[in-house]
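Reader: Could you take me through the salt bridges in this model, one pair at a time? I would like to know where each partner sits and how open it is to solvent.

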Amino acid sequence: MLDSKESTNKDGLLVYFNLTFDEELNDSGNGFKAVVPRSLIRRVMFACHGHPLSGHAGISKTIHRTKQIYYWPKMSRHIRVYVRSCQHCQQYKPNQSKKRAAPYVPHNMTYPWETICVDLCGPKPNAKGNLKWILVIIDQCTKYVELFPLAVASAKKIVEKINEVSCRFGHPAKIISDNGSQFVSTVYKEFCAKRNITMAHTSTYTPTL
């Protein structure tokens, strides 16, 4: 017995009324899709995906293309499995999955001033003495902040201020900064190397490490 949406055309082909677009409600007959017998399902999926003229489209495009002409029960699930198991796609198509950042690893500190964060703010409107930069030094353990106004944001000046803080609290084991030119300069690298300080830089466009 035929389903209420199923019928047989004049050529004896079993068709199923399954709309793909609202426009198929007109009298063109496009809403009727050819019902594919189980024995021909893989051949139809190959024609709509694996054939050279089909171009090995993705899952969504293959489902859309197939539904415009054919119908069979659970066809979306069958097409999804077929496309994902296509050997040609697995061998030649690039991975389309989105890259995700690695899980956040908290900084384990055993004592204050073991790890500090350094950053520059500015340029600001000129203050007295032509000071327009602010060097920010934060202790990661206690969140204690030191601010230093600077006229010139040079690596030499930054090293001087870090050394000034270190003379009061001790040299840190690690300094976290961005990839600013001052923090990748030779002067800054030599300062850290002489004191066995590990340099850590945040990723570009990612202010937190």
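**Salt bridges around helix 5**

Author: Happy to, and let's start with lysine 161 and glutamate 164, whose side chains meet in a salt bridge with N and O 3.7 Å apart. Please keep in mind that this is a predicted model. The two residues are three apart in helix 5, so about one helical turn separates lysine 161 from glutamate 164. Lysine 161 counts as partly exposed at 21% relative accessibility, just as glutamate 164 is partly exposed, with 36%. The cut-off for buried is under 20%, so lysine 161, at 21%, falls in the partly exposed class.

Helix 5 also holds lysine 157 and glutamate 160, again three residues apart and about one turn of the helix. Here the closest N and O atoms of the salt bridge are 4.0 Å apart. Lysine 157 is partly exposed, with a relative accessible area of 37%, and glutamate 160 is partly exposed too, at 38%.

Now for a pair that reaches beyond the helix. Glutamate 146 and arginine 168 join their side chains in a salt bridge, 2.8 Å from N to O. Glutamate 146 belongs to strand 7 (residues 145–150) and arginine 168 to helix 5 (residues 155–169), so this pair ties together parts that lie 22 residues apart in sequence. The partners sit in contrasting surroundings: glutamate 146 is buried, with a relative accessible area of 9%, whereas arginine 168 is partly exposed, at 43%.

That completes the tour, as the count comes to three salt bridges.

How values were computed. Residues numbered from 1 in each chain as written. Predicted model: local features only at pLDDT ≥ 70, side-chain atom pairs only at ≥ 80, totals over all residues. Heavy atoms only, no water. Helix = DSSP H or I, 4+ residues; strand = E, 2+ residues; numbered from the N terminus. Buried < 20%, exposed > 50% of the residue type's maximum accessible area, 1.4 Å probe, protein only.
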